[in-house]
Amino acid sequence: MPRGIYKKTKEHLQKISITRKRMFKEGKIKIRPKEIHGEKNPRWNGGKSKHQKGYIMILKPTHPQAQSKGYVPEHRLIMEKHVGRLLKKNEVVHHINGDVTDNRLENLRLLTMREHMKIHDKRRKRDVKGRFA
Ligand SMILES: [Zn+2]
């Protein structure tokens, strides 16, 4: 092979990608390699992702209440499993400790929208600083 000319083989590209991944992990490069990003990655976390409101969303396009991109809030899925039926549209799963990422069953409470609003109203009145969970 003549000097200066280097053909990029598949193996070579793979080597580069592994090196980049390692460098990214070690913080040497800031650009996340394409390979470890997105839904196509086999090591992807099974369709779990965070929603804009902080809720944990599960990718479940077959669910009757799935949102536009096929996501369903994890706390609703957990409650549905617990009660053994689908939740109605006017049913709300409340996070007792106020942490919407804490989806342990003991932190979840199934309420109607009305009951749920009441709970948050009460909290609002009780909190002097005007904060509510
Ligand atoms: Zn609530």
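M113 is exposed in this predicted model. Its C-beta atom has 12 other C-beta atoms within 10 Å, and a residue counts as exposed at 12 or fewer, so M113 falls in that class. M113 lies in helix α3, which spans residues 113–126. Despite its exposure, M113 makes contacts beyond its sequence neighbourhood. With residues up to four places away set aside, M113 touches N90 and V92. V92 is 21 residues from M113 along the chain. The C-alpha atoms of M113 and V92 are separated by 5.7 Å.

The surrounding architecture can be stated briefly. The chain contains 3 helices and 5 strands. Read from the N terminus, the order of elements is α-β-β-β-α-β-β-α. The chain has 133 residues, of which 7% are buried. Contacts were also sorted by sequence separation. Of those between residues at least 6 apart in sequence, 20% join residues at least 24 apart.

Helix α2 covers residues 74–83. Its buried residues are H75, R76 and M79. These three lie on the same side of α2, because they cover an arc of only 100 degrees around the axis. The strands packed against the buried residues of α2 are β3 (71–73), β4 (91–95) and β5 (108–112). G84 follows the helix. The phi of G84 is positive, near 75 degrees.

I78 is also part of helix α2. Unlike the buried set of H75, R76 and M79, I78 is partly exposed. It has 18 other C-beta atoms within 10 Å. Burial requires 20 or more, so I78 does not qualify as buried. Leaving out neighbours within four places in sequence, the contacts of I78 are N103, L105 and L108. V93 is 15 residues from I78 in sequence. The C-alpha atoms of I78 and V93 are 9.5 Å apart.

Strand β5 contains L110. L110 is partly exposed as well, with 17 C-beta neighbours inside 10 Å. That count is above 12 and below 20, so L110 belongs to the intermediate class. Beyond four places in sequence, L110 is in contact with M79, V83, E91 and V93. One of these partners, M79, is among the buried residues of α2. The contact between L110 and M79 accompanies the packing of the buried residues of α2 against β5. L110 and E80 are 30 residues apart in sequence. Their C-alpha atoms are 9.6 Å apart in space.

Taken together, the three residues examined in detail cover two exposure classes. M113 of helix α3 is exposed. I78 of helix α2 is partly exposed. L110 of strand β5 is likewise partly exposed. Each has contacts outside its own sequence neighbourhood: M113 with N90 and V92, I78 with N103, L105 and L108, and L110 with residues including E91 and V93.

Definitions and conventions: Residues numbered from 1 in each chain as written. Predicted model: local features only at pLDDT ≥ 70, side-chain atom pairs only at ≥ 80, totals over all residues. Helix = DSSP H or I, 4+ residues; strand = E, 2+ residues; numbered from the N terminus. Contact = placed C-beta atoms within 7 Å. Arc of directions from axis to C-beta.
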